[in-house]
Amino acid sequence: MSGIAGETEQKVRWGILATGGIAAAFAADLVDLPDAELVAVASRRKESAEGFAERFGTGRAYGSWEELARDEDIDVVYVATPHAAHRPAAGLCLEAGRNVLCEKPFTLNLREAAELVALAREHDRFLMEAMWMYCNPLILRLKALVEDGAIGQVRTVQADFGLAGPFPPAHRLRDPGLGGGALLDLGVYPVSFAHLLLGEPSDVAARAVLSPEGVDLQTGALLSYDGGALASVHCSISGGTATCASVTGSEGRIDVPDGFFHPERFVLHRDGREPQEFLADPADGPRTSLRHEALEVMRALRAGERESRLVPLDGTLAVMRTLDAVRERIGVRYPGETGEPALV
């Protein structure tokens, strides 16, 4: 795989580990990229892998994760399992010498995330969290405006993500054994949005409503920063929210009115000026496209980089540290977790 660096004409050969909905969405975008090739898929059920391979024209279908990890014709593996399995699945691939793009949330906790980062560095492999929001062109435009001082010094960030439900007790979002609850599945987006603009908080306060199973049905957190900024984030699996975000500064505000993690537009408000609307470029594909994170992975691999400039590993670890701190405040712990949570 290391030979791909600098070889811009060579297609990047992908393997996909898992066959669920997010794996299918990624595969559909991947097969439309001329410099990408989907060569293999794996599932714990051979029939599932074969059906997926037939659907997307994949060359090889494996009935085990181990077979995919050992396939030396694969340049990079996209790990699309439920997040409770990210640590073992991504770890298996890294130990076998594969590069890895791992779905969000990166792992269940900071300890697991740090283990994956250590494995990637030990084996000199590329590793990136599939935080597609960070690769979205319109989000990158928003970030650049903030960094250029368009709204002055950032004072507050607000973001929410909630699904209406209701989800029955047997649903994966209610299952502690699968890392269930609103925070890891949905809250990772508001927390990551705040991190993109403000970095890691110095203090975390949080409250939640818990299910009888012990996972969070909804969580609100207030993140505080040394420079005086605050971020208010909310997530829910018991009520559909507007899924909007705003960034307020000393000289203006940016509103993302709908679907902030894959926006169609945002509006810049500055004191004494007319509002300015920024729209997504239709050439960038539909707002639900995962192609931008795939393009970032392939760019990095060709450049010989071991982590992404857009989704750096230290940032992923910082977000996991914040999520751990929120869970400590609200009293959510998953089966098998041992030791003290990593607090901010």
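This report walks through the aromatic rings, cysteines, empty spaces and backbone oddities of a predicted model.

## Aromatic rings

Let's start with the rings. The model has 10 aromatic pairs. Take F52 and F56: their ring centres are 4.7 Å apart and the planes meet at 45°, so this pair goes down as tilted. Both residues belong to helix α2, which covers residues 46–56, and they are four residues apart, or about one turn of the helix. Are they buried or exposed? F52 is buried, at 4% relative accessibility, and F56 is buried too, at 14%.

There is also an aromatic cluster to look up in the viewer. It is made of W132, F161, Y189, F193, F260 and F261. Two of its members, Y189 and F193, have numbers that fall within helix α7, residues 182–198. Elsewhere, an arginine meets a tryptophan: the charged end of R44 sits over the ring of W65, at 3.8 Å from the ring centre.

## Cysteines

How many disulfides does the model have? The count is zero. For C235, the closest cysteine sulfur is the one in C244, and at 14 Å that is too far for a bond, given that a disulfide needs the two sulfurs within 2.5 Å. Looking from the other side, C244 has C235 as its closest cysteine sulfur, again at 14 Å and too far for a bond.

The surroundings of these two cysteines are worth a glance as well. C235 is buried, with 2% relative accessibility, whereas C244 is partly exposed, with a relative accessible area of 26%. C235 also turns up in the lining of the largest cavity, described further down.

## The largest pocket

The largest pocket holds about 710 Å³ of space. It is lined by 30 residues, and those closest to its centre are I22, A80, T81, P82 and R172. If you want to find the pocket in the viewer, those five residues are the ones to select.

Which elements each supply at least two residues of this lining? They are α1 (21–30) and α7 (182–198). Helix α7 has the largest share, with three residues. Sorted by class, the lining has 16 nonpolar residues, eight polar ones and six charged ones.

## Cavities

Now for the enclosed spaces. The model has three cavities of 30 Å³ or more, and the largest cavity holds about 50 Å³ of space. Its lining is made up of L183, G187, P190, V191, T219, G220, A221, V233, H234, C235 and V326. The elements giving two or more residues to this lining are α7, β9 (216–224) and β10.

Helix α7 gives the most here, with four residues. So which helix comes up for both spaces? It is α7, with the largest share of the pocket lining and the most residues in the lining of the largest cavity. As for residue class, the cavity lining has seven nonpolar residues, four polar ones and no charged ones.

## Backbone oddities

Most residues other than glycine have a negative phi, and most peptide bonds are trans. A few spots in this model go the other way. The peptide bond from K104 to P105 is cis, with omega near -15°, and P105 lies in the loop between β5 (99–103) and α5 (110–122). The bond from G165 to P166 is cis as well, with omega near -5°. P166 is in the loop that runs between β7 (154–162) and α7.

Two residues have a positive phi although they are not glycines. For A18, phi is about 110°; this alanine is in the loop between β1 (12–17) and α1, and it is buried at 12% relative accessible area. For T243, phi is about 55°. T243 is in the loop between β10 (230–236) and β11 (245–249), and is buried at 9% relative accessibility.

## A long-range neighbour

One last stop: R299, in helix α8, residues 291–302. R299 and V12 are 287 residues apart in sequence, but 9.8 Å apart in space from C-alpha to C-alpha. R299 is partly exposed, at 28% relative accessibility.

How values were computed: Residues are numbered from 1 along each chain as its sequence is written. This is a predicted model: local features need pLDDT of at least 70, side-chain atom pairs count only at pLDDT 80 or more; totals for chains, interfaces and linings use all residues. Side-chain values use heavy atoms; hydrogens and water are left out. Rings of Phe, Tyr and Trp (its six-membered ring) pair if their centres lie within 6.5 Å; planes under 30 degrees apart count as stacked, over 60 as edge-to-face and the rest as tilted. Buried means under 20% relative accessible area, exposed over 50%, partly exposed in between (1.4 Å probe, protein chains only). A charge sits over a ring if NZ of Lys or CZ of Arg is within 6 Å of the ring centre and within 35 degrees of the ring normal. On a 1 Å grid over the protein atoms alone, a cavity is a set of points where a 1.4 Å probe fits but cannot get out, and a pocket is an open set with protein on both sides within 12 Å along at least five of seven lines; lining residues have an atom within 4 Å of a point. Grid points are joined across faces, edges and corners, and a volume is the space filled by probe spheres set on the points. Ala, Val, Leu, Ile, Met, Phe, Trp, Tyr, Cys and Pro count as nonpolar, Asp, Glu, Lys and Arg as charged, and the others, Gly among them, as polar.
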